[in-house]
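Q: Please take me slowly through a close look at one part of this chain, and then connect it with other parts that I can find on the screen.

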Amino acid sequence: MKDQLLNRIFNKPSLPDKFEHLELDDNFCIINKSEQVQRFADSPEEVIRGKDIRLSFPEFIGLEKILQAILRGEQQLFELEAIGRRSNQKYIYINIYIIGNQHENKFRNQLIIFIENVTNKFILKQSLAQQTYEEKLRMDALTAYNNYMEKIINSMPDALLVTSSKGNIKKVNNAAQELFGFSEEELINRPLSLIIDDDHFLIESIFKNYYFRQNFHNLEVVCRTKTREKRLIAFSCSVIPKKIQGLEDIVYIGRDITARQYREQRTSTQYAITRILSESQSVKQAIPQILQSICQNLGWHLGELWAPSQYISTSVQGHSINAILRCVEIWSSRVISVREFKAITWQTTYTPGIGLPGRIWIRRLPLWIKDITEDGDTRRSQPAAEAGLHAAFGFPILDDSEILGVMVFFSRDVQPKDKDLLKMMGSIGSQIAQFIKRKQAEDALIESEERYRDLFENANDLIQSVNVYGRFLYVNLAWQETLGYSEAEIANMTIFDIIHPEFKQECWQRFYRVLSGEKFDQVKAAFVTKDGQTIFLEGNINCKFSEGHPVAVRGIFRNVTQRIAAEEALLRHQQEETESLLLNILPTAISKELKEESANIAEEFAEVTVLFADIVGFTEIAASMSAIQVVNLLNSIFSTFDCLTEQYGLERIKNIGDAYMVVGGLPTRRPDHAQAIALMALHIQTAIALFNTENNQNFNIRIGIHSGSVVAGVIDLNKFTCDLWGDTVNLANCMESQGIVGKIQVTEDTYKSLCNEFLFQKRGEIEIKGKGKMTTYFLVGQKG
């Protein structure tokens with residue numbers, strides 16, 4: 001069988017000197033090679049006896065099962081054909097043939113790799129194939145091109161249009177037909193102005209960019225559907241050049257971003273309304289800004305406020321059928337001419353149920369009209385049509401069952417009902433109503449507090465009142481003199497503008513808790529004066545409610561800056577005296593205990609686990625290094641140990657030379673001290689192995705562990721040092737010193753604490769000085 005395989009390889013139409021070969025053992029390592037085989041390797045430098053074939057020929061990666069099958073004789077031959085290599089700036093191609101060479105001793109089976117240089121044959125084969133299929137491919141490409149492009153165009157989710165340079169539509173896909181509502185017959189050979197109002201400007205801009213070798217991307221264009229509804233389309237446009245100038249085609253690929261635009265408009269509208277309500281000092285100041293903001297953010301053209309009085313001042317309970325609605329505020333865009341419509345509106349009144357404002361008033365719900373000219377409002381439908389207004393919607397300014405007014409908006413476009421927009425505007429109507437109610441309550445509050453103003457003005461304490469947004473309603477003279485802000489500056493500020501950054505988060509939380517009804521009799525805060533100084537205050541705050549709604553937060557504060565400064569100076573002096581006694585770094589808990597209870601600097605811990613670790617052979621290796629190299633090496637190792645100590649919540653006691661001592665269960669007592677020490681010991685072994693690999697070293701570690709009681713404390717009156725004493729420390733040290741290199745030796749006490757969670761190997765009895773024979777164990781690993 002082997003002869004047949006060899007004949008199969010060498011009978012190929014190739015010269016024998018084109019073959020190189022390799023022989024591999026059952027571990028896929030090179031045991032023999034031909035003289036020039038490395039010229040075919042991906043990594044020639046790796047073609048060395050004893051090296052894994054996969055290092056030099058990565059094609060063998062992933063073929064391990066096949067190679068094993070050939071070694072076992074289950075498969076005779078495996079071929080890899082037309083493998084490319086780059087050699088001396090040229091590409092060569094090789095075939096690889098793999099056969100097995102079986103011995104009576106199956107452990108001596110070998111793989112024989114033959115490598116054939118097939119560059120010329122491969123290039124010739126490619127050339128012939130190219131010549132054979134070139135003409136066919138050209139014809140197939142020409143035939144398939146139209147079908148392929150047609151499928152792509154019609155399967156595109158985005159709308160595609162192709163126009164002439166004059167703007168006549170030549171091609172549309174299905175997505176374009178669905179987007180604009182036209183059939184293909186209705187669009188082909190029609191002008192682009194059918195769906196884009198200003199198509200000439202668009203085409204001129206596209207050609208201008210084309211001459212500068214630039215294309216339009218994400219050009220946002222307002223388009224019209226068949227029903228004349230607006231759609232915002234993001235177009236990417238490019239010009240298809242032709243040999244004759246002026247016959248170019250333009251390709252438009254458009255994506256409908258109307259929904260995204262609506263989301264952005266609504267978000268900006270909500271933000272703008274919230275900002276206006278928080279900054280406005282009165283209802284009359286806020287309403288015109290609200291009408292303008294809603295129109296500009298949503299793209300509508302005229303906004304109105306209807307109310308039963310000259311301006312919103314009182315509410316109307318229930319379904320009052322006697323209310324007479326009048327327009328008390330109008331805002332209109334400059335792009336429309338609505339002078340006559342506005343004149344008629346000022347003179348028009350509605351009763352509940354009549355006209356759009358009256359229907360909203362009686363229903364207490366937002367309403368939408370697709371085209372006001374078809375609504376049947378005999379008073380304003382005709383003027384609206386003459387002004388070019390079509391779509392309209394409105395919403396009530398409603399607080400629970402109390403209706404305060406109605407806002408109505410108009411657009412030049414016919415627009416279908418937008419339920420999401422109506423829902424949002426209903427929420428905004430409630431927001432406006434709450435603002436109006438608060439302003440009414442604030443006005444009443446200011447009026448009622450006028451009688452106390454003289455008392456407040458002559459008080460030494462700082463007195464202030466702010467609304468629910470934090471804007472100042474009143475500050476007394478002592479407040480102004482202490483903080484230094486003028487009345488004009490105070491009118492444009494909020495309480496949060498003057499709170500010190502360190503107190504801001506706490507004050508935010510306390511402010512909203514007060515708005516929910518909670519009272520604070522003793523609060524601390526810090527304000528920043530106009531000249532940048534920080535003053536500390538103590539006092540109380542409370543909230544004024546009107547009809548169940550918060551309207552003002554009032555505070556009375558005393559300036560305690562000097563007292564706090566004196567207290568902090570004394571405290572700093574005492575801390576400096578105490579900390580000057582701590583000359584060395586101690587464990588955090590002991591250092592804290594030493595500062596708090598300096599008389600008690602030693603304590604017994606009944607249950608701890610102590611670990612000693614020693615780097616075996618370090619002294620001999622260090623003898624061949626400089627002192628700096630030794631320190632750097634030890635620092636690298638012990639820094640890793642320190643990280644493990646912190647990771648497992650342990651306490652490093654000390655390290656002497658190449659020995660490391662760590663304890664679990666103190667200064668913070670914990671029931672799993674033995675488990676934490678065991679996990680660190682196993683991790684230390686892994687860390688040493690990784691260190692050896694990364695630093696080309698051969699260190700070994702010997703570890704000993706014992707569990708029991710110790711006394712921990714600070715010794716040396718002149719220079720504090722934390723240490724441990726007791727039999728537990730001595731036994732842990734013996735476990736390390738009488739242990740075996742690379743092993744973790746533990747006493748029977750530690751073994752009993754861990755045997756249910758970890759794997760151990762019993763060592764047996766060993767002689768311990770002063771203790772006699774003791775049974776010890778080797779910690780092997782953690783149970784799965």
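A: Just after helix 9, glycine 299 takes a positive phi of about 80°. Helices (H or I, at least four residues) and strands (E, at least two) are DSSP runs, numbered from the N terminus. This is a predicted model, in which local features need pLDDT of at least 70, side-chain atom pairs count only at pLDDT 80 or more, and totals for chains, interfaces and linings use all residues. Residues are numbered from 1 along each chain as its sequence is written, and side-chain values use heavy atoms, with hydrogens and water left out.

Helix 9 itself covers residues 283–298, and because the expected span is 1.5 Å times one less than the number of residues, its 16 residues should span 22 Å, which agrees with the 22 Å between its end C-alpha atoms. Among the residues of helix 9 that are buried are Val283, Ile287, Ile290, Ile294 and Leu298, where buried means under 20% relative accessible area, exposed over 50% and partly exposed in between, with a 1.4 Å probe and protein chains only.

Another buried residue is valine 221, with a relative accessible area of 11%, and valine 221 is found in strand 8, residues 216–224. Leaving aside neighbours within four places in sequence, valine 221 is in contact (heavy atoms within 4.5 Å) with Ile196, Leu202, Arg231, Leu232, Ile233 and Phe235. Of these, leucine 202 is 19 residues away from valine 221 in sequence, while their C-alpha atoms are 8.8 Å apart in space.

Next, look at strand 1, residues 19–24, which pairs in the antiparallel sense with strand 5, residues 110–117, over six bridges; two strands pair if DSSP finds at least two bridges between them. Strand 1 also pairs in the antiparallel sense with strand 2, residues 30–33, over three bridges. Leucine 24 is a useful residue to find here, for it stands opposite leucine 111 in strand 5, and its bridge partner in strand 2 is isoleucine 30. Strands 1 and 2 form a hairpin with five residues between them, and phenylalanine 28 in that turn has a positive phi of about 65°, so that, like glycine 299 with its positive phi of about 80°, phenylalanine 28 can be looked up by its backbone angle.
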